[in-house]
Amino acid sequence: MLIVIRSTEGFFVDITYVQSAVAKGAVCLDGSPPAYHFDRGSGAGINNWLVHFEGGGWCNNVTTCLARKGTRLGSSKEMVKQVVFSGILSNKPQFNPDFYNWNRIKVRYCDGSSFTGDVEAVDPATKLYFRGARVFVAVINDLLEKGMKNAENAVLSGCSAGGLTSILHCDNFKALVPMGAKVKCFADAGYFINAKDVSGAQHIENFYDDVVKTHGAAKNLPSSCTSKGKPSLTPLFITNAAYDSWQIKNILAPGVADPHGTWHNCKIDIKKCSPSQLETMQGFRTEFINALTGLGALTSRGYFINSCYAHCQTETQETWLRSDSPVLNNKSIAKAVGDWYYDRHPFQNIDCPYPCDKTCHNRIFDPHENPSE
């Protein structure tokens with residue numbers, strides 16, 4: 001999908017390779033060094049740090065990891081040298097009022113496990129490195145050396161698989177930054193639910209089980225996720241569409257559950273869904289909300305759950321903060337997150353069901369592109 005960024009709303013930031021990580025075995029799937037893009041803070045934001053993790057799905061076995069190995073999602077050699085910063089990464093106060101002058105970092109994603117894997121052995125036949133957990137620590141340590149050791153405020157955030165990274169590593173991140181810093185985490189489109197697909201199969205549960213086994217991730221999953229009754233210690237804000245387009249396409253109606261392609265048009269454009277498909281999607285929304293509220297009532301947690309057909313709403317200006325951005329309770333995502341981070345006002349809002357929200361930017365996909373993206 002081609003996204004055109006208005007030149008006034010975004011700017012390019014150069015890539016930085018963490019060469020020192022290679023000696024520690026903290027590498028991408030192909031053994032290349034991790035990488036990130038860093039725009040330094042200024043003025044009052046000089047000691048404030050926002051570390052945002054890129055998304056890009058997961059690889060769940062040797063075959064799918066080999067397929068990623070030669071792409072930007074498995075090798076820093078294949079990454080573009082510059083990326084556009086906008087939305088939550090913008091350096092303009094009118095587009096990002098609460099974080100514009102912070103140190104803003106976008107960490108590239110090249111391990112396929114949301115930075116949880118760590119397998120010591122490297123198969124000489126595949127030469128695949130499953131080292132995501134080491135990459136996370138190496139990147140954070142590199143940023144600490146570059147000034148984050150003086151952080152007064154710090155945020156761990158991410159989109160999609162990067163949003164899941166921010167959930168899984170939230171307490172870990174807090175433990176690595178200075179003791180006195182105010183630390184919170186944001187997850188954008190990173191709350192994936194364990195729902196059956198339209199055929200009744202546990203497709204996504206089996207998929208994630210394979211990811212954990214392939215990457216040796218079990219030992220790196222936080223106990224707050226793997227055991228009941230141990231909530232995360234660090235405040236978390238969840239931004240998600242109740243009809244998350246990735247989850248509809250890959251959890252609810254993956255190709256394997258829809259061999260005749262009856263969901264194809266619906267997945268491309270929610271306006272093309274049949275009444276029965278919409279009814280199924282309303283059921284998915286109910287499951288999503290039940291999974292979210294099942295986390296328990298924590299006043300420190302924030303959430304912005306709108307009824308849009310979308311995926312990742314903090315990285316693009318149009319959905320983060322613009323005159324036509326999505327709103328809930330008359331607040332944009334940027335305003336809701338900023339108010340929550342700075343303790344100005346709590347925010348826990350769930351939208352009414354589709355199609356009631358007229359502020360949505362519903363995704364329409366190219367019918368010829370890979371339906372899993």
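Here is a short chat about a few spots in this predicted model.

Q: Hi! Let's start with helix H3. How many of the residues of helix H3 are buried?
A: Hello! In H3, which covers residues 161–168, 8 of the 8 residues are buried, so the helix is largely enclosed by the rest of the structure.

Q: Nice. Which residues are those buried ones of H3?
A: They are Ala161, Gly162, Gly163, Leu164, Thr165, Ser166, Ile167 and Leu168.

Q: New topic: where is the place of Ser307?
A: Ser307 is in a loop, with strand E9 (302–306) on one side and helix H10 (317–320) on the other.

Q: And is Ser307 buried or exposed?
A: Ser307 counts as buried because its relative accessible area is 2%, and the cut-off for buried is under 20%.

Q: OK, what does Ser307 touch, leaving out residues up to four places away in sequence?
A: Its contacts are Tyr243, Arg285, Asp351, Cys352, Pro353, Tyr354 and Cys360. With Cys352, a polar atom of the Ser307 side chain lies 2.5 Å from the backbone oxygen.

Q: Cool. Switching again: which helix does Leu292 lie in?
A: Leu292 is part of helix H9, residues 275–293.

Q: Buried or exposed, that Leu292?
A: Leu292 is buried, and its relative accessible area is 3%.

Q: So which residues does Leu292 touch, again not counting those up to four places away in sequence?
A: Leu292 has Tyr191, Ile238, Tyr303, Ile305 and Ile350 as contacts.

Q: Last one! How many residues apart in sequence are Leu292 and Ala242?
A: They are 50 residues apart in sequence, and their C-alpha atoms are 10 Å apart in space.

Conventions. Residues are numbered from 1 along each chain as its sequence is written. This is a predicted model: local features need pLDDT of at least 70, side-chain atom pairs count only at pLDDT 80 or more; totals for chains, interfaces and linings use all residues. Side-chain values use heavy atoms; hydrogens and water are left out. Buried means under 20% relative accessible area, exposed over 50%, partly exposed in between (1.4 Å probe, protein chains only). Helices (H or I, at least four residues) and strands (E, at least two) are DSSP runs, numbered from the N terminus. A polar contact is a pair of N or O atoms within 3.5 Å; within protein, one must be able to donate a hydrogen and the other to accept it, and residues adjacent in sequence count only if both atoms are side-chain atoms. Contact means heavy atoms within 4.5 Å.
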